[in-house]
Amino acid sequence: MRKKLLAGLLSLVMGFSFLNMGVIANAETLPEDNGNPIEVIEISNDEMAAEVIDEMAANVMERSYAGEAYTFTERASVYSDSEDSESNTDPNYAYVVTNDIVMQGAIETENEMRWYAFSLSERSKVCILLQMVETMDADLYMFQLNEETYDLELLGGSANEGLGTSEYFNNVMDAGVYFFAVSGYEGTGAFAFAYYQSTADVAYEVNDTSSTATTVAFNSNVIGVIDSPYDIDYYKFTVTTPTIIQYSISSSNGYSLLYAGKSGSSSAIYTVNSSSKSYKIMPGTYYFAVLSESGSYSATSTYTVNFKKVGAMSGDSSVTLVGISENAGIVYETNNTGSINYVNGNPVDISYSYYSNLSNSAGSQYYDISIDANAGACAILTDVYEPAAVHYYSSTKPAMSVSSRPALMLTFYADSNFYKIHCRGTGSYSMNTFWEDLNFVTVLIDPATGKLIDIVEYNYYYDFAPVGSNRITLTRSYLMTFYNN
């Protein structure tokens with residue numbers, strides 16, 4: 001296949017074929033495109049709308065605690081395991097609560113306090129939702145037991161003003177013994193609360209609102225839980241240049257990952273490819289939320305979210321998006337003539353220069369091989385020479401030393417010669433002579449830098465040199481999707 005590609009291109013742009021000159025290639029052949037058809041997709045110009053998500057305000061303290069201070073006369077270690085004959089209006093008789101429990105109670109006289117307790121063996125997230133009859137205004141106050149002084153130390157709580165107004169406490173708390181009180185402020189009547197605790201994702205919590213969203217990195221899994229019916233986990237990231245991203249969630253409970261908003265004067269998000277869930281985002285900060293739309297939850301069943309950066313874009317208004325390979329992490333842009341090219345936001349630089357002049361008693365060797373990047377060569381965007389995402393493994397004569405990685409393969413053409421291969425040998429080295437000036441070249445470009453990795457077609461060392469074992473190894477292992485703007 002390599003010889004056919006070379007012969008066809010040379011016949012097209014130069015009017016002759018190296019095959020007719022007896023050239024012998026010593027390079028790995030390139031497999032076909034795995035049977036993948038060329039796909040051209042129209043990019044939407046409509047900005048994607050954010051989902052409207054109801055957020056629950058937590059730890060609102062519209063009034064301060066006005067109750068008495070409590071000190072235990074001895075270590076507080078025995079609490080009621082269930083509601084019994086002892087009233088829990090005293091913290092010494094607090095009822096014990098455990099994860100995923102709903103408890104009911106009543107405030108029988110104004111300013112009465114009903115006490116509950118729990119212990120944490122490790123740092124945990126705790127949330128409590130308190131609801132009450134519409135004729136009562138009750139608050140929730142959280143205390144930690146000081147295990148040296150036996151004092152109950154106020155940590156905070158939730159104290160909203162208004163009859164029948166719910167209270168919501170949500171915080172990450174260290175290991176220890178805790179008490180909380182349902183405190184009657186106005187009126188009397190029944191109340192109920194739900195208590196939840198979890199440890200799986202305390203490193204990210206509390207992130208239940210967009211204002212408390214956890215900052216995440218691209219290309220890194222984030223593991224969390226939806227630990228209560230009210231839990232929403234927000235994540236955010238910021239980009240400073242236009243970028244192609246993908247986002248995904250894996251959850252056995254069917255949780256959703258929703259685009260929840262943005263900030264920044266230039267921020268906007270567009271659908272690039274709905275089938276591969278690829279999106280173009282402009283400079284700004286973006287918010288995403290994990291939630292259960294069915295009401296399911298679990299303190300132990302985890303979800304995994306990932307925000308993948310496929311590649312940056314240049315921000316150059318003279319170019320347009322041409323191709324993306326999601327698996328290879330390559331984003332290719334060019335202008336309508338192929339004279340300006342970017343890969344992952346990096347300007348493509350095809351410049352290359354190698355010079356060597358050696359001689360000994362057996363003869364002389366002269367090598368002068370170069371590519372002039374300023375000679376007006378343009379990338380070919382059609383037919384068999386269109387851009388391709390390949391995997392470069394290794395080569396014996398690379399332009400730059402890089403590890404095995406995905407690469408962008410481009411073919412450049414100009415009306416005048418810009419690629420020089422001047423190799424001359426005398427004496428015992430006369431067979432090394434090869435002297436051509438070409439107006440085309442196929443190269444590999446490093447997506448991380450935009451620099452030339454190696455020359456694929458025509459390469460003196462891989463396609464001609466009669467002595468030694470030189471080779472380049474690469475495969476067409478990635479699909480590149482092309483876009484029509």
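**Exercise 1. A strand end and its neighbours**

Which residues does V239 touch, not counting residues up to four places away in sequence? Work it out on this predicted model, then place V239 in its strand and judge its burial.

*Solution.*
Step 1. Begin with the contacts: beyond the excluded sequence neighbours, V239 touches F218, I281, M282, P283, G284 and Y286.
Step 2. Take one of these partners, G284, and check the backbone: its C-alpha atom is 5.6 Å from that of V239, although the two positions lie 45 residues apart along the chain.
Step 3. Locate V239 in the fold, and you will find it in strand β13, residues 233-239.
Step 4. Now the burial. The relative accessible area of V239 is 7%, and buried means under 20%, so V239 is buried.

**Exercise 2. A threonine pair**

Find the strand that holds T285, decide whether T285 is buried or exposed, and look for a polar contact of its side chain.

*Solution.*
Step 1. T285 belongs to strand β18, which covers residues 284-291.
Step 2. With a relative accessible area of 14%, T285 falls under the 20% limit and therefore counts as buried.
Step 3. Leaving out neighbours within four places in sequence, the contacts of T285 are K236, F237, T238, G261, K262 and S263.
Step 4. One of these residues, T238, also makes a polar contact of 2.8 Å with T285, side chain to side chain.

**Exercise 3. An enclosed strand and an exposed loop residue**

Why is strand β25 described as largely enclosed by the rest of the structure? Trace its pairings as well, then follow the chain into the loop that comes after β25.

*Solution.*
Step 1. Count the buried residues: seven of the nine residues in β25 (363-371) are buried, so the strand is largely enclosed by the rest of the structure.
Step 2. On to the partners. Strand β24 (residues 352-360) pairs with β25 in the antiparallel sense through nine bridges, and L358 stands opposite Q365. A hairpin with two residues between the strands connects β24 to β25.
Step 3. β25 also runs antiparallel to strand β29 (residues 419-425), joined by seven bridges. Here S370 has K420 as its bridge partner.
Step 4. Move to N374, in the loop between β25 and β26 (378-379). N374 has a relative accessibility of 74%, and exposed means over 50%, so N374 counts as exposed.
Step 5. Finally, compare sequence and space: N374 and S351 are 23 residues apart in sequence, with their C-alpha atoms 8.2 Å apart.

**Exercise 4. Both faces of β31**

Sort the residues of strand β31 by the way they point, and describe how β31 pairs with β28 and β32.

*Solution.*
Step 1. Strand β31 spans residues 440-445, and six of its six residues are buried.
Step 2. F440, T442 and L444 point one way, while V441, V443 and I445 point the other way; all are buried.
Step 3. Strand β28 (residues 405-413) lies antiparallel to β31, with six bridges between them; among the bridge pairs is F412 with V441.
Step 4. β31 is also antiparallel to β32, through four bridges, where L444 is the partner of D454.
Step 5. In the hairpin of β31 and β32, six residues separate the strands, and G450 there has a positive phi near 80°.

**Exercise 5. The second largest cavity**

How many cavities of 30 Å³ or more does the structure hold? Describe the second largest one.

*Solution.*
Step 1. The structure has two cavities of that size, and the second largest contains about 70 Å³ of space.
Step 2. Its lining consists of Y352, I369, K397, A399, Y419, D454, I455, N459, Y460 and Y461. The elements giving two or more residues to this lining are β32 (452-457) and α2 (460-463).
Step 3. Classed by type, the lining has seven nonpolar residues, one polar and two charged.

**Exercise 6. An open sheet**

Write down the strand order of the six-stranded open sheet, and name its edges.

*Solution.*
Step 1. The order is β1-β34-β20-β21-β22-β23, with mixed pairing.
Step 2. β1 (40-42) and β23 (346-347) are the edge strands, each pairing on one side only.
Step 3. β1 pairs with strand β34 (residues 481-484) in the parallel sense over three bridges, and E42 has N484 as its bridge partner.

Key. Residues are numbered from 1 along each chain as its sequence is written. Side-chain values use heavy atoms; hydrogens and water are left out. On a 1 Å grid over the protein atoms alone, a cavity is a set of points where a 1.4 Å probe fits but cannot get out, and a pocket is an open set with protein on both sides within 12 Å along at least five of seven lines; lining residues have an atom within 4 Å of a point. Grid points are joined across faces, edges and corners, and a volume is the space filled by probe spheres set on the points. Ala, Val, Leu, Ile, Met, Phe, Trp, Tyr, Cys and Pro count as nonpolar, Asp, Glu, Lys and Arg as charged, and the others, Gly among them, as polar. Buried means under 20% relative accessible area, exposed over 50%, partly exposed in between (1.4 Å probe, protein chains only). Contact means heavy atoms within 4.5 Å. Two strands pair if DSSP finds at least two bridges between them. A polar contact is a pair of N or O atoms within 3.5 Å; within protein, one must be able to donate a hydrogen and the other to accept it, and residues adjacent in sequence count only if both atoms are side-chain atoms.
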